[in-house]
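Grab a pencil and open your viewer. Here are a few exercises to work through, each with a solution to check yourself against.

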Amino acid sequence: MWAPKPELVRLDVDGAVHDMIRSDDGWWHADVDAPPDARYGFLLDDDDTVLPDPRSPRQPDGVHERSQLWDPSSAAWTDGDWAGRSVEGAVIYELHVGTFTPEGTFDSAIEKLDYLVDLGVDFVELMPVNSFAGTHGWGYDGVLWYSVHEPYGGPDGLVRLVDACHARGLGVLIDAVFNHLGPSGNYLPKFAPYLSSASNPWGEGINIADADSDEVRRYIIGCALRWMRDFHADGLRLDAVHALVDLTAVHLLEEMATETDWLSRQLGRPLALVAESDLNDPRLITPRDRGGYGLTAQWADDIHHAIHTAVSGERQGYYGDFGSISTLAQTLRHGFFHAGTYSSFRRRRHGRPLDTAEETGIPATRLLAYTCTHDQVGNRALGDRPSQNLTPGQLAVKAALVLASPYTAMLFMGEEWGASTPFQFFSSHPEPELAEATRKGRKAEFAEHGWDADEIPDPQDPETFQRSKLKWGELLGGAHARLLAVYRELIALRHNDPDFADPWLDHLVVDYDEDQRWIVLRRGASAIACNLGAEDVSVPVAGELVLAWDAPEIGKDHTRVPAHSFAILRVARAGAKAP
C-alpha cells in the first residue's frame with residue numbers, strides 16, 4: 001500500500017487487524033494469510049474507519065465498504081484463439097451497460113451481442129464500468145478505478161461479457177476516466193497526494209506532474225494495463241485527455257502508449273488507445289518516432305458538429321461556427337475544422353492542421369466520426385436524441401455521411417433504429433447533500449441558457465434512469481426497422497466495397513452547393529450524394545445505384561435526389577467506360 005501521508009497504517013482482514021511496516025519510499029507491507037475471497041481494508045493513523053484499497057480488485061458492497069480479493073487467474077476464459085483486431089477503419093458501438101437492456105447488466109448485454117454482429121459492428125465500447133457510488137450513473141464519477149461496478153455484475157460479469165464478445169469476433173473498448181475522481185467515496189487523498197492544485201470542470205485535477213507524482217502515474221498506467229491484461233479488453237477510450245495537465249518532458253499519454261505497445265507485443269494482439277480530446281491537436285495520434293504521443297485514434301467532435309448542424313440547423317453554443325455546407329465540406333476533407341483558426345465559442349484561435357497527405361500524413365482512420373455520442377445526447381438539457389427532433393430521412397443522411405466517410409465510425413446505442421428514448425443525465429448519490437447539490441447544479445446550469453428549471457430532468461429521480469433505457473421492441477417495424485436496414489446496408493458496404501477502405505483524405509473529393517444544400521463525396525468509383533435540404537435537387541453525378549434512402553431519378557449526367565435523402569452511386573473511374 002502506497003501511503004506516504006499517514007504515520008501509521010494497519011491492515012484489517014475479515015476483522016483481524018495486522019500492523020504494516022513502512023519503507024522509506026512510502027510503501028507499507030504486511031504478509032498475511034487470507035482466504036481467496038477475504039474482505040479487507042486499511043486503518044490510517046488513529047482512525048478506526050476501514051477504508052477500501054485504492055487498487056481494490058472488487059467492491060461487493062459499494063465504494064465506501066471493504067474491498068474483496070479477486071484473482072484474475074481464476075477467470076474462466078475461452079478466448080485463447082482471439083487474435084484481436086484493429087480499431088482503425090472499424091465500426092464502434094458505444095453503449096451504457098445500465099440502459100442498454102432492461103436488466104442493465106453484463107450478462108443481459110451478452111444476449112444482444114448477436115444483434116450487434118448482425119448489424120455489422122466491429123467493436124463494443126463500454127461506457128465506464130469502474131466502481132462509483134450508488135447503483136446507477138454514467139460512470140464518470142469513479143473513485144476505485146481498478147474495480148468493476150458491482151451492480152453491473154462485478155469482475156466476473158465483465159469477464160463473461162468480454163469473452164462472449166471475442167467468441168463472436170467483436171473487440172471490446174473500455175472507457176477509462178483518469179482526469180478526475182468522483183465526489184463520493186474518494187478516499188485516495190487520505191493515503192497519498194493523488195490530487196493536484198490544478199482543477200478541471202469536474203473538480204480537482206489528478207497529480208501527474210507535481211511533487212510525488214511518479215507513483216500516481218504508475219497508478220494510472222497500471223490501471224490502464226489491467227483492463228487490457230486482466231480483462232482482455234482490446235483497448236481503452238480515454239476520457240477528456242485535455243484535462244490531464246502534464247508539464248513533464250514525457251507526457252503521461254506518451255508513456256501510456258509506450259507501455260500499451262509493449263503489452264500488445266507480450267499478448268500478441270493489437271491494443272488501442274482512443275482519446276477524447278478538445279484540443280484538435282494532431283500530436284496525440286502522430287507516431288512517437290515523429291514527435292507525437294503515438295495514440296491509436298481520437299474522437300473528432302468537429303466532424304460531429306459539422307454534420308449535426310448542417311442537417312439539423314442548430315447553431316447555439318459551440319455549434320456557432322458550424323452549420324453551412326461549406327463548413328461541412330471543409331471538415332470532411334480535413335478532419336478538423338478549427339485548425340489554427342478563430343473559434344467564436346472559445347474567443348481565440350484553436351487547433352492545428354492535420355497533415356492528410358498519403359506520403360507524409362495521418363490516415364483518416366485515426367479520427368472517429370459519429371452522429372451522436374453519450375455526451376452529445378446526454379449533455380443536452382433534456383437528453384433528447386436527434387431521432388426525437390429530425391425526420392428519418394435526415395437521420396439516414398447523417399448515417400451516410402459518417403459510415404461512407406474515410407473515418408473510423410462510431411454509433412451510440414439505439415441510433416441505428418432512431419430510438420425514441422432519451423439518454424438523460426442520471427445519478428444515484430447516496431448522500432442527501434450531494435444528491436441535492438447535483439440536482440440543483442443541473443437545473444441551474446441550463447437555467448442560465450434560458451431553460452425553465454422545472455423542465456430539466458432530476459438526475460436523482462430513478463425515473464430519469466428508467467426513461468433512458470432502450471426500448472428494444474421499437475426496432476421490429478415501421479420507420480425504426482427501415483432505418484435499421486439502411487444502417488446495416490451502409491455498414492456492409494463500408495466493409496465489403498474497396499472504395500470505402502481508402503483511408504487517405506487527399507484522395508477524397510467533395511463537391512457541394514450551398515444554396516441547394518447538397519454535398520457529394522467521391523471515393524474511387526463511388527459517389528455519395530446527400531441532399532440536406534427540404535426540396536428535391538439535381539446533383540452533377542450519375543451512375544449505377546448502389547444504395548439510397550428514397551428513390552432517386554438517375555439521368556445521363558445528373559441524379560435527382562429527393563429531399564432529406566442520400567444516394568450512393570457507382571460511377572466511372574477516369575478513363576473507364578461509363579455504365
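The exercises below deal with a predicted model, and they go from strands to charges.

**Exercise 1.** Work out which strands pair with S8, and in which sense.

*Solution.* Start with strand S7, residues 91–95: four bridges join this strand to S8, and the two run parallel. Pick out one bridge as a check: Glu-94 has Glu-125 of S8 as its partner. Now turn to strand S11, residues 171–176, which also pairs with S8 in the parallel sense over four bridges. Here, Val-124 sits opposite Val-172 of S11.

**Exercise 2.** Are the faces of strand S8 covered or open?

*Solution.* Take S8, residues 123–126, one side at a time. One side carries Phe-123 and Glu-125, and the other carries Val-124 and Leu-126. These four residues are all buried, so both faces are covered.

**Exercise 3.** Classify both partners of the salt bridge between Arg-283 and Asp-281 by exposure.

*Solution.* First, the contact: the closest N and O atoms of the pair are 2.7 Å apart, inside the 4 Å cut-off for a salt bridge. Next, Arg-283 has 41% relative accessibility, so this residue counts as partly exposed. Asp-281 comes in at 10%, so this one counts as buried, the cut-off being under 20%.

**Exercise 4.** Find where the partners lie in two further salt bridges, Glu-436 with Arg-439 and Asp-550 with Arg-482.

*Solution.* Begin with Glu-436 and Arg-439, whose side chains meet at 2.5 Å, N to O. Both belong to helix H12 (residues 432–447); because they are three residues apart there, about one helical turn separates them. Glu-436 is partly exposed at 31%, and Arg-439 is partly exposed at 21%.

Now for Asp-550 and Arg-482, with closest N and O atoms 2.8 Å apart. This pair links distant parts of the chain, 68 residues apart: Asp-550 is in the loop between strands S25 (544–548) and S26 (553–554), while Arg-482 is in helix H14 (residues 478–496). Asp-550 is partly exposed at 26%, as is Arg-482 at 37%.

**Exercise 5.** Which residues gather in a patch of negative charge on the surface?

*Solution.* The patch is made up of Glu-7, Asp-45, Asp-46, Asp-47 and Asp-48. Zoom in on Glu-7, in the segment before strand S1 (9–13). With a relative accessible area of 67%, Glu-7 is exposed, and that value clears the over 30% cut-off for patch residues.

Terms used: Residues are numbered from 1 along each chain as its sequence is written. This is a predicted model: local features need pLDDT of at least 70, side-chain atom pairs count only at pLDDT 80 or more; totals for chains, interfaces and linings use all residues. Side-chain values use heavy atoms; hydrogens and water are left out. Patches are made of residues with over 30% relative accessible area and no salt bridge: like charges are joined within 9 Å, nonpolar side chains (Val, Leu, Ile, Met, Phe, Trp, Tyr) within 5 Å. Accessible areas come from the Shrake-Rupley method with a 1.4 Å probe; for residues, only the protein chains shown count as cover. Lys and Arg count as positive and Asp and Glu as negative; His and the chain ends are not counted. The place of a charge is taken as NZ of Lys, CZ of Arg, CG of Asp or CD of Glu. Buried means under 20% relative accessible area, exposed over 50%, partly exposed in between (1.4 Å probe, protein chains only). Two strands pair if DSSP finds at least two bridges between them.
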